[in-house]
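Biologist: Hi! Could you walk me through a few local details of this model?

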Amino acid sequence: MRKTYVMGNWKMNGSRAANATLLSGLKAGVPALRAGVEIAVCPPFVYLEATAAALAGSPIGVGAQDVSEYDKGAYTGEVSVAMLKDVGATYAIIGHSERRSLYGETDAWVTQKTVAALAGGMLPVVCIGELESEREGGLTEKVLARQLDAVLAAIPNPVPGGIVIAYEPVWAIGTGKTATPEMAQETHAFIRNHLKKGGEAFAAQTAVLYGGSVKASNAEGLFSMPDIDGGLVGGASLTADEFVGIYNGAVAAFGRR
Ligand code: PEP
């Protein structure tokens, strides 16, 4: 059976005080994993080590929002896989649409980072998604296929430790415009089918998360779809009650699988 996940991407938000409040709310709300659903938070780099320490002994995991494709050396501002692991991160979000659109990350670059994460024993959460203009132009599947193919061509098969795909329609990120469960499922089914390029077993085992204005009130509906294996959550992951509500929605939906 595929693994299921609820992951919070804090983006450039937080402070030591705010994080302490949020993390204690999450620890109280999720004292143990239920229905096998994994949960993790992805704070800014500077808060990773303190977050991992605050969550020690809890079932909540820690991930980074980005990672360098390089191991070490003269790469000012970059953070390597080994450094992230050293401070307690086990996941890395790669190729988030904000990295692609604001910082010029290309499919090739996203692929290099994914390869580096896998080589270093870290679980990459590779983000893909179409712009609103691309959806309106009927290009959604072409864009997703291009983004996926770049990564699929470069990663080992079988993938040691696996890989997670996060489908995040760019028009739904931070806008409050969530795809309906049916609309999201249709695209997830396309992604699942496309993953068969890596073999039936790879497609069946790879978790495909949905991201884009997921909140407590719509989580269970989205996660009840057969090809949606959890969520990558932005804004709603900054409030303990909302994020715990999303986790509870996932437990309800995946408990029925
Ligand atoms: C995200 O940025 O990954 C995201 C899904 O954001 P939001 O939940 O705020 O739409």
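Modeller: Happy to; we can talk about a helix pair, a strand and some backbone oddities. This is a predicted model, where local features need pLDDT of at least 70, side-chain atom pairs count only at pLDDT 80 or more, and totals for chains, interfaces and linings use all residues. Residues are numbered from 1 along each chain as its sequence is written, and side-chain values use heavy atoms, with hydrogens and water left out.

Biologist: At what angle do helix 10 and helix 11 cross?

Modeller: Roughly 25 degrees, and the axes of helix 10 (residues 216-223) and helix 11 (residues 240-254) come within 8 Å. Axes here are lines fitted to C-alpha atoms, for helices over the stretch in contact, with angles from 0 to 180 degrees between N-to-C directions. Helices (H or I, at least four residues) and strands (E, at least two) are DSSP runs, numbered from the N terminus.

Biologist: Which residues of helix 10 make the contact?

Modeller: Ala216, Ala219, Glu220 and Phe223, and they meet helix 11 residues including Gly245 and Phe254. Contact means heavy atoms within 4.5 Å.

Biologist: New topic: which strand does strand 1 pair with?

Modeller: Strand 8, in the parallel sense over four bridges; pairing needs at least two DSSP bridges. Tyr5 stands opposite Gly230 there.

Biologist: And where is the cis peptide bond?

Modeller: Between Asn157 and Pro158, with omega about 5 degrees. Pro158 lies in the loop between helix 7 (140-152) and strand 6 (164-167).

Biologist: What is the phi of Lys11?

Modeller: Positive, about 55 degrees, although Lys11 is not a glycine. Lys11 sits in the loop between strand 1 and helix 1 (16-29).
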